[in-house]
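Work through the exercises below with the sequence and the 3D structure side by side. Each task is followed by a solution that goes step by step.

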Amino acid sequence: MQILTTMELRKNLGHILDTIAKTNESVTIYRANKPMAVILSIAEYEEKVQKKNRGQRLEALSGAMDAWRERNRTATVRVDAVMAVRESRDAR
């Protein structure tokens, strides 16, 4: 991981972005000797951030579906799922 100051980033932004895109290496930006931000390549961002968020959203959706199923168990017990799908397709 590369470490830069805000001044170095400001002076060399184009070159730094090109390097990050080519090497997939992240860069930590410091201001007044404190880490302030990290720049990631798009590939690393998609791998680390978006996949994590996707998993969290799927977990939340699964929980919501389970809760709905429990609340509506008596109403859906007599529903033939195959027939319902066929009727839905035929209605299109």
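**Exercise 1. Describe the surface and the charges of the protein chain.**

The protein chain exposes about 7800 Å², and carbon and sulfur atoms supply 54% of this area (Shrake-Rupley method with a 1.4 Å probe; for residues, only the protein chains shown count as cover). Turning to charge, the mean positions of the 17 positive and 12 negative charges are 4 Å apart, where Lys and Arg count as positive, Asp and Glu as negative, and His and the chain ends are not counted; each charge is placed at NZ of Lys, CZ of Arg, CG of Asp or CD of Glu.

Before going on, note that this is a predicted model, in which local features need pLDDT of at least 70 and side-chain atom pairs count only at pLDDT 80 or more, while totals for chains, interfaces and linings use all residues. Residues are numbered from 1 along each chain as its sequence is written, and side-chain values use heavy atoms, with hydrogens and water left out.

**Exercise 2. List the elements of the chain and describe its overall dimensions.**

Begin with the count, which is 5 helices and 3 strands (DSSP runs numbered from the N terminus: H or I of at least four residues for helices, E of at least two for strands). Their order from the N terminus is β-α-α-β-β-α-α-α. Next, compare the radius of gyration, 25 Å, with the value near 12 Å for a compact globule of 92 residues (taken over C-alpha atoms; the rule is 2.2 Å times the number of residues to the power 0.38). Finally, the C-alpha atoms fill a box of roughly 70 × 30 × 15 Å along the principal axes.

**Exercise 3. Find the largest nonpolar core and the contacts of isoleucine 39.**

Of the 92 residues, 12% count as buried (under 20% relative accessible area; exposed is over 50%, partly exposed in between, with a 1.4 Å probe and protein chains only). The largest nonpolar core has 7 residues: Leu4, Leu9, Ile16, Ile20, Val27, Ile29 and Ile39 (a set of buried Ala, Val, Leu, Ile, Met, Phe, Trp, Tyr and Cys residues joined through side-chain atoms within 4.5 Å). Helix α2 (13-23) and strand β2 (27-31) each supply at least two residues of this core. Beyond its neighbours within four places in sequence, isoleucine 39 is in contact (heavy atoms within 4.5 Å) with residues including Leu9, Ile20, Val27 and Ile29.

**Exercise 4. Is threonine 28 buried or exposed, and which residues does it touch?**

Threonine 28 is placed in strand β2, and its relative accessibility is 8%, so it counts as buried. Leaving out residues up to four places away in sequence, threonine 28 touches Met1, Gln2, Ile3, Leu4, Pro35, Ala37 and Val38.
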